[in-house]
Each structure stands twice: as structure tokens, then as C-alpha cells.
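Me: Please help me learn to read the features of a model like this one, step by step. I would like the general idea each time, then the actual case.

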Amino acid sequence: MRLVAREGWPFIAAAWGAAALLAALGWWPALAVWLPLAVWVVAFFRDPPRRPPGDDRLIVAPADGKIVGILQVDEPVFLRGRATRVSIFMNVFDVHVNRYPAAGVVRYRHYNPGRFLHAAGEKASLENEQSTVGLETPRGRLLVRQIAGLIARRIVTDHEVGAAVLQGGRLGLIRFGSRVDLFLPPNTRLLVRDGQTTRAGITVVAEWV
């Protein structure tokens, strides 16, 4: 069972290596300041186990965080029509491992380099660095978009096109503050509200109808 994301180990090693050096030098005031940061680095990359509902009628949240927008939009690339976009903002204290909202097969993947605007802003949807995954499920198509934030500098997306994935399975990770958008087709019913807190792989966002 993995409790820390593999991408975090270099950062954790560097943070605690610096703490060990400060202790060896006897720089206690500096160590007192540094230790909370070293602990935060471990917490940031935590990857706690999640138990999804296991019901193919339900669509779960792809990210921990707060819903900062629910909009009706056009999604021309994969869903190819009207969609409900649920935007989840992850602050630096949230778990940043992203998870698949449903079981299915990855049918689309696209990476787009871009800027690093504040992830909660609307312009981030168009201008920020992002990675998009289209998922074909037994009940229909879903789209998940990982969007880099103000201080995020690396988006990790685990699977290539053709991979079979599970509901609540790991989709990837975004480092240091970011956002994930979930695009729902018209044949779904929304079960969350703006401002609600979500947990990846657990919170039910919508259901197929």
C-alpha cells in the first residue's frame, strides 16, 4: 500500500536532507523554521488509500479540494457537445493525487503547454498548462482535465490511450497547487453544489441517467 506518491520522494529527501544538515551544523533557529516545511512536503505528497463506491451508475470526484465552479460549456474535442464542467481547486494542503471518476478505457489524451495563472480563475481553463484525458465508460464518455496552477510546475498523467482503468484508480498528480475539471455529458445528473468540498475517488459528483 503506497501512502506517499512516488513523485514526492526526491522532494522529501531534499527537505529532510536539508534538515539533517542544519542539525549537524547546530543551526537550531534555522532548523526550527525549516522543520514545518519539511513536514509539509511529506503531507503534500501523501497518497492515502481510497475506497470508491464501486457502482458504475455513479461518477466520483477526480480530485480533493473545493468546487469553485459549475458551468454549462461546449466540449468539442471528446464529448463533442454540451457538457457540465465541474471545477475542483486544490490548495497546497489538499491531497494532490488525482483519480479516475469511473471505470473504463482511456480513449483520448492530450497535453497542452501554457501559462501558470491562478488555477481557480476562469482564464486558467484556456491559458494554463493542462493535460486532458478522455474516458470511455460502459455508460458513456467523461473528460478529465488537469490544470496547472500559479506555482504548479509539473503535471503527471499516468496512462496512455488504450489503458483500462478502475473507478478511484490513480490518474496522476499535479505538484503544488492546481485544479481539475470534470466534464459531464447531458445524460448525467449532478449531485454536488458550488463550494462543496470533495475527496477524490469517494465523493459522488453525478450519476448516469
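**Strands and their partners**

Reply: Let's start with a single bridge: Gly-69 has Ser-87 in S3 as its partner. Before going on, note that this is a predicted model, in which local features need pLDDT of at least 70 and side-chain atom pairs need pLDDT 80 or more, while totals for chains, interfaces and linings use all residues. Residues are numbered from 1 along each chain as its sequence is written, and side-chain values use heavy atoms, leaving out hydrogens and water.

Me: How many bridges join S2 to S3?

Reply: First the idea: strands (E, at least two residues) and helices (H or I, at least four) are DSSP runs numbered from the N terminus, and two strands pair if DSSP finds at least two bridges between them. Here, S2 and S3 run antiparallel and are joined by nine bridges. The two strands form a hairpin with five residues between them.

Me: Which strand pairs with S3 over seven bridges?

Reply: That is S11 (residues 178–184), again in the antiparallel sense. One bridge to look up is Met-90 with Ser-178 in S11. Elsewhere, S5 (residues 104–112) and S6 (residues 130–137) run antiparallel with seven bridges, and Asn-112 is partnered by Gln-130 there. S5 also pairs with S9 (residues 164–165) in the antiparallel sense, over two bridges; Val-105 has Ala-164 as its partner in S9.

Me: Is S3 enclosed by the rest of the structure or open?

Reply: Use relative accessible area: under 20% is buried, over 50% is exposed, and partly exposed lies in between (1.4 Å probe, protein chains only). S3 is largely enclosed by the rest of the structure, because eight of its 10 residues are buried.

Me: What sign does the phi of Arg-80 have?

Reply: In general, most residues other than glycine have a negative phi. Arg-80 is not a glycine, yet its phi is positive, about 60 degrees. You will find Arg-80 in the loop between strand S2 (65–75) and strand S3 (81–90). Arg-80 is exposed, at 63% relative accessible area.

Me: On to charges. How many salt bridges does the structure hold?

Reply: The general idea is that side chains of opposite charge can pair when their charged atoms come close. The cut-off used is a side-chain nitrogen of Lys or Arg within 4 Å of a carboxyl oxygen of Asp or Glu. The structure holds 14 salt bridges. Among them is Glu-7 with Arg-170, whose closest N and O atoms are 2.4 Å apart. Glu-7 lies in the segment before helix H1 (9–25) and Arg-170 in strand S10 (residues 170–174), so this pair ties together parts 163 residues apart in sequence.

Me: Are Glu-7 and Arg-170 buried or exposed?

Reply: Glu-7 is buried, with a relative accessible area of 12%, and Arg-170 is buried at 10%. For another case, take Asp-64 and Arg-50, with closest N and O atoms 2.9 Å apart. Asp-64 sits in the loop between strand S1 (58–60) and S2, and Arg-50 in the loop between H2 and S1, so the pair links parts of the chain 14 residues apart. Asp-64 counts as buried at 7%, and Arg-50 does too at 14%. Asp-55 and Arg-57 also meet in a salt bridge, at 2.6 Å from N to O, and Arg-57 is partly exposed at 47%. Finally, salt bridges with shared partners join Arg-6, Glu-7, Asp-158 and Arg-170 into one network.

Me: And the rings: how many aromatic pairs are there?

Reply: Rings of Phe, Tyr and Trp (its six-membered ring) pair if their centres lie within 6.5 Å; planes under 30 degrees apart are stacked, over 60 edge-to-face, and the rest tilted. This structure holds four such pairs. One of them is Phe-44 with Phe-45, edge-to-face at 4.9 Å centre to centre and 80 degrees between the planes. Both Phe-44 and Phe-45 are buried. Ring pairs link Phe-11, Trp-40, Phe-44 and Phe-45 into a cluster.

Me: Which charged end sits over the ring of Phe-78?

Reply: The test is that NZ of Lys or CZ of Arg lies within 6 Å of the ring centre and within 35 degrees of the ring normal. Here it is Arg-141, 4.1 Å from the centre of the Phe-78 ring.
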